[in-house]
Amino acid sequence: MNTAVAAAPTGLSRRQLALAALATPAAALWPGAAHAGRQAEEPLADAVRGALAASISNSAPPKPSFDNVEARIAYLRWLGAMSERLKKRKAEHVTRIEFLETVYYESKRAGIEPSLLLGLIQVESGFRKYAISIAGARGYTQVMPFWSRLIGDGEPARLFHMQTNLRFGCVILRHYLDRERGDLFLALGRYNGSRGKAEYPNLVFGAQKAWRYEAG
């Protein structure tokens, strides 16, 4: 596995951020750094590529809708509980809420549990927006730049945009889940480039426990 490293101080250009991250050992910046992924580039059938590209390009805002008041109240309770748990990692309230709203929206859109996405983000990047792995994977969900060429607009820098990164991560994991016929263990291994090995899926499953929410 590769190790995610954090961005240099704010105010630098994205190019400078990338160069600083690649040049600096992870241990010097982040003790106990996260385990970044390295999805393997594989040939995609035209139909699959088209479907994935369409899913990425739909730019609907990350605002969930609910069929009834009870569902909305349950969501707001989840949002409050997750905000409290995330406070140590994201101190600024507005940024934290925006992040969690997007996590909820994109995970539900892809048919993935929000707790699983939060666990994956914790393992992949430690909730660092500008994390870059030694292999070049980027952002919260550590997306490899080749995905921008295959199903995006060809601009890897956009992978540092929050909603773009979370959407790519969810769409890619959903793609792997479909390929593995719903086997989450194998899908997570494929996401990390370590299919069939237990270390990475077990890390994600372990991290997921901290983000589970049981409505009271």
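Here is a walk through the chain, from its overall build to one helix and then to a small enclosed space.

This is a predicted model, in which local features need pLDDT of at least 70, side-chain atom pairs count only at pLDDT 80 or more, and totals for chains, interfaces and linings use all residues. Residues are numbered from 1 along each chain as its sequence is written, and side-chain values use heavy atoms, with hydrogens and water left out.

Let us begin with the whole chain. You will find 10 helices and 3 strands, where helices (H or I, at least four residues) and strands (E, at least two) are DSSP runs numbered from the N terminus. Starting at that end, the order of elements is β-α-α-β-α-α-α-α-β-α-α-α-α. Of the 216 residues, 47% are buried, a word that stands for under 20% relative accessible area, with exposed meaning over 50% and partly exposed in between (1.4 Å probe, protein chains only). Contacts are heavy atoms within 4.5 Å; among those with a separation of 6 or more, 64% join residues 24 or more positions apart.

Now follow helix H5, residues 93-110. Its 18 residues should span 26 Å at 1.5 Å a residue, and the end C-alpha atoms agree, being 26 Å apart; the expected span is 1.5 Å times one less than the number of residues. The buried residues of H5 include Phe 99, Leu 100, Tyr 104 and Tyr 105, and also Arg 96, Glu 101 and Glu 106. Against what do the buried residues of H5 pack? Their partners are helix H4 (69-86), helix H6 (114-125) and H8.

Helix H8 also leads us to the cavity. The structure holds 1 cavity of 30 Å³ or more, a cavity being a set of points on a 1 Å grid over the protein atoms alone where a 1.4 Å probe fits but cannot get out, with lining residues having an atom within 4 Å of a point. The largest cavity encloses about 40 Å³, a volume being the space filled by probe spheres set on grid points joined across faces, edges and corners. Among its lining residues are Ala 40, Leu 44, Trp 147, His 175 and Arg 179. Helix H7 (146-151) and helix H8 (162-179) are the elements that give two or more residues to this lining.

One lining residue deserves a stop: His 175, which lies in helix H8. Why does His 175 count as buried? His 175 is buried because its relative accessible area is 9%. Beyond its neighbours within four places in sequence, His 175 is in contact with Leu 44, Val 48, Leu 52 and Trp 147.

Terms used: On a 1 Å grid over the protein atoms alone, a cavity is a set of points where a 1.4 Å probe fits but cannot get out, and a pocket is an open set with protein on both sides within 12 Å along at least five of seven lines; lining residues have an atom within 4 Å of a point.
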